[in-house]
Amino acid sequence: MKHNYKILIIDDNIIDQIVTKKLLKKNLNMTESYAVSSGKDGITWLENFKMDLEDKLIILLDIKMPEMDGFAFLEEFEKLDKKNSSQIMIFMLSSTLDPNDKTRAKNNVYVKTLLCKPLPTEELYLLLTEQPKIDN
């Protein structure tokens with residue numbers, strides 16, 4: 001991939017974190033990944049992370065987590081300084097079957113899409129490399 005992607009995995013399940021990291025490395029050659037176990041830790045991580053101008057940050061956000069779920073994370077994310085927001089893409093990554101969760105993810109302005117666990121790396125690759133459509 002042409003961008004210098006960094007990955008933040010926000011998921012309370014350690015096994016899912018490990019599987020996602022391995023899939024990113026093996027299938028997409030993305031090696032710079034970080035993982036935290038709650039939405040609250042994700043907000044703290046973002047507050048302390050310094051992005052370079054050429055960096056792109058991908059957040060893979062679980063929905064169902066104790067303390068602060070994915071949607072509560074998005075509410076807190078909205079309050080953060082937005083100077084780097086154009087460099088951040090959020091993908092919800094969940095095994096949810098709840099149609100309300102799917103609708104909320106689809107309707108959230110910060111969420112690019114909802115992906116189903118385990119991480120579908122081919123789908124993520126296509127989403128990251130899609131070209132903007134030109135209207136005629």
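**Salt bridges, backbone exceptions and a surface patch**

Good morning. I begin with Lys 6, which counts as buried because its relative accessibility is 8%, under the 20% that sets the limit for that class. I should add at once that the model before you is predicted.

What does Lys 6 pair with? Lys 6 forms a salt bridge with Glu 32, and the closest N and O atoms are 3.0 Å apart. This pair links distant parts of the chain: Lys 6 belongs to strand S1, residues 4-10, while Glu 32 sits in the loop between H1 and S2, and the two are 26 residues apart. Glu 32 is partly exposed, at a relative accessible area of 29%. The bridge therefore joins a buried lysine to a partly exposed glutamate.

In general terms, side chains of opposite charge can pair when their charged atoms come close. For this model the count comes to 7 salt bridges, and I shall discuss some of them.

Let me turn to Lys 117. It forms a salt bridge with Asp 62, with the closest N and O atoms 3.4 Å apart. Here too distant parts of the chain are linked, since Lys 117 lies in the loop between S5 and H5 and Asp 62 in the loop between S3 and H3, 55 residues apart. Is Asp 62 buried or exposed? At 5% relative accessibility, Asp 62 counts as buried, whereas Lys 117 is partly exposed, with a relative accessible area of 21%. That 21% puts Lys 117 outside the buried class, because the class requires a value under 20%. The pair also belongs to a wider arrangement: Asp 11, Asp 16, Asp 62 and Lys 117 are linked in a network of salt bridges.

Lys 117 has a second point of interest, in the backbone. The peptide bond that joins Lys 117 to Pro 118 is cis, with omega at about -10°. Pro 118 is placed in the loop between strand S5, residues 111-116, and helix H5, residues 121-129. As background, most peptide bonds are trans, and most residues other than glycine have a negative phi.

Which residues depart from that tendency in phi? One of them is Glu 67, with a positive phi near 70°. Glu 67 is found in the loop between strand S3, residues 55-61, and helix H3, residues 70-79. With a relative accessible area of 64%, Glu 67 is exposed. Glu 67 also forms a salt bridge, its partner being Lys 40, with the closest N and O atoms 3.7 Å apart. Glu 67 lies in the loop between S3 and H3 and Lys 40 in helix H2, residues 39-48, so this pair ties together parts that are 27 residues apart in sequence. Lys 40 counts as partly exposed, at 46% relative accessibility.

Asn 29 has a positive phi as well, near 55°. Its place is the loop between H1 and strand S2, residues 33-36. Asn 29 counts as exposed because its relative accessibility is 63%, over the 50% that this class requires.

I close with the surface. Ile 14, Ile 15, Ile 18 and Val 19 form a nonpolar patch there, with about 340 Å² of accessible area together. Where does Ile 15 lie? Ile 15 is in helix H1, which spans residues 14-28. At 56% relative accessibility, Ile 15 counts as exposed.

Thank you for your attention.

Key
Residues numbered from 1 in each chain as written. Predicted model: local features only at pLDDT ≥ 70, side-chain atom pairs only at ≥ 80, totals over all residues. Heavy atoms only, no water. Patch = residues over 30% accessible without salt bridge, like charges linked within 9 Å, V, L, I, M, F, W, Y side chains within 5 Å. Areas by Shrake-Rupley, 256 points an atom, 1.4 Å probe, with all protein chains shown as cover. Salt bridge = Lys/Arg side-chain N within 4 Å of Asp/Glu carboxyl O. Helix = DSSP H or I, 4+ residues; strand = E, 2+ residues; numbered from the N terminus. Buried < 20%, exposed > 50% of the residue type's maximum accessible area, 1.4 Å probe, protein only.
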